[in-house]
Amino acid sequence: MELRLLRSFIAVADSRNFGAAARSLSTTQPSLTKQIQVLERQTGSVLFTRGRHGAALTPAGKALLVDALELVRRAVALDHRMMRIAAGAEGVLNVGFGMSAIDIAPRAVADFRASHPGIDVGLEDMSSSAQFAAISAGTLSIGFVRLPAPPAIATRTIRRDQLALAVPIGEENPKLNRESLRNWLDSRALIRLVPERGPGLAYQIKQLFADLGCSPSVLYETSDLLTVLALVAAGAGSSLVPASTSAIIPEGVQLIPLDFESATWNIGAAWLRESKDPLIPLFLESVRVPRERATPMVSLTDFRG
């Protein structure tokens with residue numbers, strides 16, 4: 001059943017006049033008449049009777065009109081929804097993030113939901129490597145990852161992050177030249193996140209240790225970053241964490257950023273390069289780097305020797 005024929009049928013039923021219906025449809029009366037005849041052949045019934053008072057629906061026409069109106073209404077609604085989806089006003093967006101974007105991703109999702117309430121947004125904490133795999137598999141729309149990314153994945157750099165020492169407030173802190181920091185690290189057992197939970201962080205720490213030539217031992221190991229920080233706050237020991245954890249740092253902890261090339265990396269948004277999803281550019285408009293809040297972040301110059 002062609003929607004064009006149903007629209008013509010509805011126009012005649014509404015105006016009760018073939019000439020008026022043809023004008024409303026921007027067509028000729030003979031063309032409209034042929035369309036109604038095609039519809040009558042398809043239904044096997046006469047749909048209109050013509051008289052002095054115009055075109056009147058037959059019983060078969062009245063029965064067809066109810067379904068025709070509903071079908072055209074649903075087709076119009078579908079057209080509108082398809083336009084909204086194409087414009088990014090509806091749909092589903094799955095977002096991933098790692099610990100270095102713990103202050104960016106939730107805020108971006110909240111801002112995006114406020115601007116696009118018709119879109120269902122999911123947010124999942126996962127490592128960069130897991131995000132790359134999910135983006136490639138099509139199960140993740142966009143992620144906040146440690147750069148660089150695989151060639152098939154497009155990225156936009158958001159900011160740099162760096163390792164920072166998380167130490168209990170009041171503990172004697174190291175001078176941040178290489179020798180002093182190496183000796184300080186080698187003299188302590190550190191609290192660390194389980195490498196499988198944060199493979200990117202573990203890699204960066206390994207790079208720093210190789211650069212400094214040190215190999216600190218492990219005091220405690222946990223699978224949750226908040227637990228790492230809680231242990232530091234309790235005075236159990238120190239740890240190496242992303243400086244971006246200043247967004248969730250508890251009382252009793254101060255962060256000392258490490259200004260070494262081996263301790264820094266880029267954080268960016270990532271999505272499948274071939275993706276045509278209109279929601280991705282819309283979501284990127286919601287991504288902003290929040291201002292650093294007032295946290296116990298120690299200046300690098302305070303400890304240089």
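In the predicted model, R159 counts as buried because its relative accessibility, at 17%, falls under the 20% limit. This residue is found in strand β6, which spans residues 153–168, and its side chain is joined to that of D103 by a polar contact of 2.8 Å. When residues up to four places away in sequence are not counted, R159 touches S100, D103, I104, S244, W265, N266, I267 and V289, so that D103 appears both among the contacts of R159 and as its partner in the polar contact.

A second buried polar residue, S286, has a relative accessible area of 12% and is found in the segment after α10, the helix of residues 279–284. With residues up to four places away in sequence again left out, S286 touches A108, D111 and F112.

Strand β6 also contributes to the largest nonpolar core, which holds 35 residues and to which β6, α7 (178–186), β7 (189–193), α8 (199–212), α9 (225–233), β9 (239–242), β10 (253–257) and β11 (264–272) each supply at least two residues. Within this core, the members that touch the most other members are L163, L165, L181, L185, L208, L240 and L258. For L258, the contacts beyond its neighbours within four places in sequence are Q162, L163, A164, L165, L176, L181, L208, L240 and A263. Apart from this core lies another, of 23 residues, with L93, A101, V109 and F112 among them; F112 is also one of the residues that S286 touches.

Turning to the helices, α1 (residues 3–15) and α3 (residues 29–43) pack with their axes 9 Å apart and at an angle of about 110°. Because angles of 65 to 115 degrees count as roughly perpendicular, α1 is described as roughly perpendicular to α3. The residues that meet across this pair are R4, L5, L6, S8, F9 and V12 in α1, and L32, Q35, I36, V38, L39 and Q42 in α3.

As for strand pairing, β1 (residues 48–51) and β2 (residues 54–57) pair in the antiparallel sense over 4 bridges. The two strands are joined as a hairpin through 2 residues, and the bridge partner of F48 is L57 in β2.

Key
Residues are numbered from 1 along each chain as its sequence is written. This is a predicted model: local features need pLDDT of at least 70, side-chain atom pairs count only at pLDDT 80 or more; totals for chains, interfaces and linings use all residues. Side-chain values use heavy atoms; hydrogens and water are left out. Buried means under 20% relative accessible area, exposed over 50%, partly exposed in between (1.4 Å probe, protein chains only). Contact means heavy atoms within 4.5 Å. A polar contact is a pair of N or O atoms within 3.5 Å; within protein, one must be able to donate a hydrogen and the other to accept it, and residues adjacent in sequence count only if both atoms are side-chain atoms. Two strands pair if DSSP finds at least two bridges between them. A nonpolar core is a set of buried Ala, Val, Leu, Ile, Met, Phe, Trp, Tyr and Cys residues joined through side-chain atoms within 4.5 Å. Axes are lines fitted to C-alpha atoms, for helices over the stretch in contact, and angles run from 0 to 180 degrees between N-to-C directions. Angles under 35 degrees count as roughly parallel, over 145 as roughly antiparallel, 65 to 115 as roughly perpendicular and the rest as oblique.
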